[in-house]
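Work through the exercises below with the sequence and the model side by side. Try each task before reading its solution.

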Amino acid sequence: MGFCSSADKILWRTKYCVLLILLLSVIAWITAFTGETLKSIRVSSATTQTLVKGDGLVDKLHSTTGVPDDLNTSPQKVDCPKVSPLLQGATNLSFESSLTLNDVVTENEKVREGEYEPPDCAARQSVAILIPFRNRERHLVYFLHHLHPFLQRQQLHYAIYVINQAGNVTFNRAKLLNIGYLEALKDYSWDCFILHDVDLIPENDHNLYVCEDQPKHLMVARNSTRYKLMSPSYFGGVTALTREQFFQVNGFSNSYWGWGSEDDDLRIRVRQHKMTIVRPPEDVARYTMVFHKRDKGNEVNKDRKTLKGQTPQNWRNDGLTSCSYRTLSLDRLPLYVNITVDVGKP
């Protein structure tokens, strides 16, 4: 009897121990499961918070998902060759009276709001073409018809800006080019600026519309002068300056109302800054000048010689830094950006 009582006690104690061990195991399992769940929730919460912040979002997405960078970025373009394989050399220019602006738009489907980039390579320079303009619509159609494919064959990133002087006050070519420079820089930090009269059409695409270490005079020869340089000091028609060069000379003078000598003024500014004017070969830098009569409102400037004599003293205070104007409209048309401005009065 005493033996049975002792055996019963041992059995009950064993049962209690087993139950206690099972209970402790359940408690430990619940604790571990709850901790992992909370940890998982914290990680998820932290990840969500990081993505919502937005700074470096793509990098953070890659770090959380483990997706390689090269699967999420488009391949970079290689630089375009120094000499474009698309160049054709001298070409015969045509000026069909039936040509319309819509025809030119159709010819240039890859141009967007006057801007173009090579599709297969990265252009070596970004170039803004600035055209001082008033009442030359027919010339503009011919200009755009020839210049867009000319520039595309050179594999340039470029945009064309037409700076249109409103009203009937005397024309101010130099001030319009200053305005074009200032307005174009609001769009993009252009490397190079081509200052271009609308009636001059380049004949040879080896005449590269890019800037050099020195200011460049692109129009060396033209049909109206029997394809000879007018004068060694001539610096008009079509010129190319880098963004820094044009800024350094303070652009053009704003004081030349009417025809004549604003390009001489720019040449003096360039020389004063110890820059040298460079030119392409005469047989390459050839232009056709589209015939026209002198415009009303662009009569010869009788003060041009006096103004030119004052350039060495006045260049710091007369130029980009003093260029005041009012923009009346800015229209991003298919083939060019048209900026109509009030330039004030003489």
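A residue counts as buried when its relative accessible area is under 20%. The model used here is predicted.

**Exercise 1. Classify the ring pair Phe150 and Tyr209, and state what it links.**

Start with the total: the structure holds eight aromatic pairs. Phe150 and Tyr209 form one of them, at 5.0 Å centre to centre with 70 degrees between the planes. Plane angles over 60 degrees count as edge-to-face, so this pair is edge-to-face.

Next, place the partners. Phe150 lies in helix 4, residues 137-153. Tyr209 lies in the loop between strand 5 (200-202) and strand 6 (216-217). The pair therefore ties together parts that are 59 residues apart in sequence.

Last, check burial. Phe150 has 3% relative accessibility, so Phe150 is buried. Tyr209 has 0%, so Tyr209 is buried too.

**Exercise 2. Repeat the analysis for Tyr161 and Trp190.**

The centres are 6.4 Å apart and the planes meet at 80 degrees, making the pair edge-to-face. Tyr161 belongs to strand 3 (residues 157-165). Trp190 belongs to the loop between helix 5 (173-184) and strand 4 (192-196). The pair thus joins parts that are 29 residues apart in sequence. Both rings are buried: Tyr161 has a relative accessible area of 2%, and Trp190 has 1%.

**Exercise 3. Which residues have the most contacts inside the largest nonpolar core, and which elements build it?**

Begin with size: the largest nonpolar core has 37 residues. Ile129, Ile160, Ile194 and Tyr209 have the most contacts inside it. Now list the elements that give two or more residues: strand 2 (126-133), helix 4, strand 3, strand 4, strand 5 and strand 8 (238-242). Helix 4 gives the largest share, eight residues.

Then inspect one hub. Leaving out residues up to four places away in sequence, Ile160 touches Gly114, Ile129, Ile131, Leu144, Leu147, His148, Leu335, Tyr336 and Val337.

Finally, look beyond this core. A second, separate core has 31 residues, including Tyr181, Ala184, Phe193 and Val343.

**Exercise 4. Which residues form one aromatic cluster with Tyr181, and which ring lies under the charged end of Arg286?**

Take the cluster. Tyr181, Phe193, Phe246 and Phe252 form it. Tyr181 and Phe193 also belong to the second core.

Take the charge. The charged end of Arg286 sits over the ring of Tyr227, 3.7 Å from the ring centre.

Notes. Residues are numbered from 1 along each chain as its sequence is written. This is a predicted model: local features need pLDDT of at least 70, side-chain atom pairs count only at pLDDT 80 or more; totals for chains, interfaces and linings use all residues. Side-chain values use heavy atoms; hydrogens and water are left out. Rings of Phe, Tyr and Trp (its six-membered ring) pair if their centres lie within 6.5 Å; planes under 30 degrees apart count as stacked, over 60 as edge-to-face and the rest as tilted. Helices (H or I, at least four residues) and strands (E, at least two) are DSSP runs, numbered from the N terminus. Buried means under 20% relative accessible area, exposed over 50%, partly exposed in between (1.4 Å probe, protein chains only). A charge sits over a ring if NZ of Lys or CZ of Arg is within 6 Å of the ring centre and within 35 degrees of the ring normal. A nonpolar core is a set of buried Ala, Val, Leu, Ile, Met, Phe, Trp, Tyr and Cys residues joined through side-chain atoms within 4.5 Å. Contact means heavy atoms within 4.5 Å.
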